[in-house]
Each structure stands twice: as structure tokens, then as C-alpha cells.
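Student: Could you take me slowly through one part of this model? I would like to see how a helix and its neighbours fit together.

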Amino acid sequence: MPSDAEAFFTVLEELVDQARHRLHAWKVQQEAVPPAPAAVLNAEPPRPPGVKTATARVDPATLQKATDLAPYIDHTLLKPEARAEDVVRVAEEARQYGFATVCVNSCHVATAARVLAGSSAVPIAVVGFPLGAALSSAKAFEAREAIRAGAREIDMVINLGALKAHDYQRVHQDIAEVVEASHPLPVKVILETGHLTDEEKVVACALSKAAGAAFVKTSTGFGPGGATVKDIELMRAVVGDDVGVKASGGVRSAEDAVKLIRAGANRLGASASVAIVTGQISTAQY
């Protein structure tokens, strides 16, 4: 009889094969279906902001004006030189504009949690950020400590080296350890798509879903590239509606945001959040 490890690896290989089939089907569909027209944000008629959903697609019809995007935005401050007063400012902006969350490095979670107390926004901590090359045990420890400090969601960076080496069992275990350490709070897995081929993106999504992640996420904002419509469509095709898709990296305007939501994102990571919901275009490099 095969060992538990052999049986587990067989299941992972089956998941990867299924993901490859989904990649092929997605490519065929892309060739057959013309691209949808860009969404237009109308000032009227006004509607209440859309309800933040856990994992499923967002109905673009609910996005009638730029402020309707706020419940889907993770307001982000991850610069290494960020100070406590910067975190306070970002958290106060989240309260003012109604953003879903504030995403910060784990050392700033307690500050964000204090300012956000009593609001609808919650703190996110990034784990293993930005390289994803830490020990799985270190990522799990950081997640537990961040939650003790007040984090209510965890965004972890995938082990890129293991993924590219086809060490799928290690990738799965890495994610699963953080998911277990964070339970019952949701974990988003940052793929850093700018470093990956389409097949690697598909495999990473399949492994994230199998390991119990709540979301897959495009980018850290510190790697090459950022969120693209093509990547969001591909990620959504792989994970279905029972895992969320977060578009992060390079989201600078309401127009960018709506295009990504139309493609399948139901959460947006942005440092330009205020510009997005006030109808401006950010020129910031991060």
C-alpha cells in the first residue's frame, strides 16, 4: 500500500493536472469570446455601496459611482519606511471612506487595530512579505502573532522557489501551515504573478484552494508587474466562486478597479484607494 505521503502527493498531482486542463479550457474560451467593453462609472442614479462578499464575483451593475468601490478595497500601506503616524492616517482614511480593510506589515497591526476599532474596516497583516522565502514555521508564527495584535485577515506570500521547482507538496504545506495558524480567519495567498508563467499561476491557484486559502492574490506591489485583467480572468477560472480573487499592484483609478472587478476580482489591494473612490488617477509609483 502507498504511504500517506505518496497518497498525498498523488492527490496534489491530480489537482495540478486538473488545473492544466482548466488552463487549456480558459485559453480556448479567450480565443472564442471577444473582450467585454470597458465599464463606465456613471454619477447617476446613486445607489447604496455594494455589499462586501466573501468569495464570489461582484455584480458590476452595483458600481454606479466611484464611491461604490470602497467596500471592495484593501487600503494598503506596506512601505518599509512607514511610520506609526502614517498607519494612523491610512486607518483614519479607511474609516472615512468605508474601505474593507487596512493592509499593513505585521509590526503595525496593533496601531491599525486601535484606530479601526468600532468601524467596519478590519486590519490585515502581510506574512512572509515580500519575498515569501521564509520558513513555513516562521510564516505561521508571524500570522499567529499578527492575529494576537489584532489582525483579522492574513495575506501571505507563496514560496516561489518551491513552486518553480515543482515541489508542490512543499508549496501546499507552506500555505496550509499559515491557514491552520490563522484559523478561523481568512488567508489570502499572494502569487506574485509577474514572476510566473500561466501554468505556474494555475498550479499556484489550485494548490492555494486545496490548502484552504480564502483568496488568491496577484502581487505584493514590490515585484515585477501587477494586476492584469488576463491574470484575474485566469485565476477566477481556476478557483471558481468558492475562493476569492484579489487584484493588487498597479490599481490607480476607478476605471482600473472596475475592469478588474469585471474580470472576476472581488477584492482590490491599493495604496491609491482615496484617489480611486474620489474619481482621480494616482501617479504614485507605489
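Tutor: Let's start with a definition: the expected span of a helix is 1.5 Å times one less than its number of residues. Helices here are DSSP runs of H or I with at least four residues, strands are DSSP runs of E with at least two, and both are numbered from the N terminus. Two notes on the source come next. This is a predicted model, in which local features need pLDDT of at least 70, side-chain atom pairs count only at pLDDT 80 or more, and totals for chains, interfaces and linings use all residues. Residues are numbered from 1 along each chain as its sequence is written, and side-chain values use heavy atoms, with hydrogens and water left out.

Now to the part I have picked, helix α2, residues 84-97. What span should its 14 residues have? At 1.5 Å a residue they should span 20 Å, and the C-alpha atoms at the ends of α2 are 20 Å apart, so the two agree.

Next, which residues of α2 are buried? Buried means under 20% relative accessible area, exposed means over 50%, and partly exposed lies in between, with a 1.4 Å probe and protein chains only. In α2, the buried residues are Asp86, Val87, Val90, Ala91, Glu93 and Ala94. They sit on the same side of α2, because they cover an arc of only 155 degrees around the axis; the arc is that of the directions from the helix axis to the C-beta atoms. Those buried residues pack against β1, β2, α3 and α10, where contact means heavy atoms within 4.5 Å. Just after α2 comes Gly98, with a positive phi near 80 degrees.

Let's look at the strands that α2 connects. Together, β1, α2 and β2 form a right-handed β-α-β unit. The handedness has a simple test: with the strands pointing away from the viewer, the path from the first strand over the helix to the second runs clockwise in a right-handed crossover. Strand β1 covers residues 73-77, and it pairs with β2 in the parallel sense over 4 bridges; two strands pair if DSSP finds at least two bridges between them. Across this pairing, Asp74 stands opposite Thr101 in β2.

Strand β2, residues 101-105, is mostly covered, with 5 of its 5 residues buried. One residue to find there is Cys103, which counts as buried because its relative accessible area is 1%. Another cysteine, Cys205, is also buried at 1% relative accessibility. The structure holds 0 disulfides, a disulfide being a pair of cysteine sulfur atoms within 2.5 Å.

On we go to the next strand. β2 runs parallel to β3, residues 122-127, and 5 bridges join them. The chain gets from β2 to β3 through helix α3, residues 109-116, in another β-α-β crossover, and this one is right-handed. Across the strands, Val104 stands opposite Ala125 in β3. In a regular strand the side chains alternate between the two faces of the sheet.

Ile124 is a good residue to click on in β3. Ile124 counts as buried because its relative accessibility is 0%. Leaving aside neighbours within four places in sequence, its contacts include Asp74, Thr101, Val102, Cys103 and Val104, and also Val109. Ile124 and Val187 are 63 residues apart along the chain, while their C-alpha atoms are separated by 9.6 Å.

Remember that α10 was among the partners of α2. This helix, residues 273-277, holds Ser273. Is Ser273 buried or exposed? With a relative accessible area of 0%, Ser273 is buried. Beyond its neighbours within four places in sequence, Ser273 is in contact with Ile73, Asp74, His75, Thr76 and Phe99.

Beyond β3, look for Pro130 in the loop between β3 and α4. A cis peptide bond joins Phe129 to Pro130, with omega about 0 degrees.

Finally, zoom out to the whole chain. The secondary structure comes to 10 helices and 8 strands. Of the 286 residues, 50% count as buried. Among contacts with a separation of 6 or more, residues 24 or more positions apart account for 68%.
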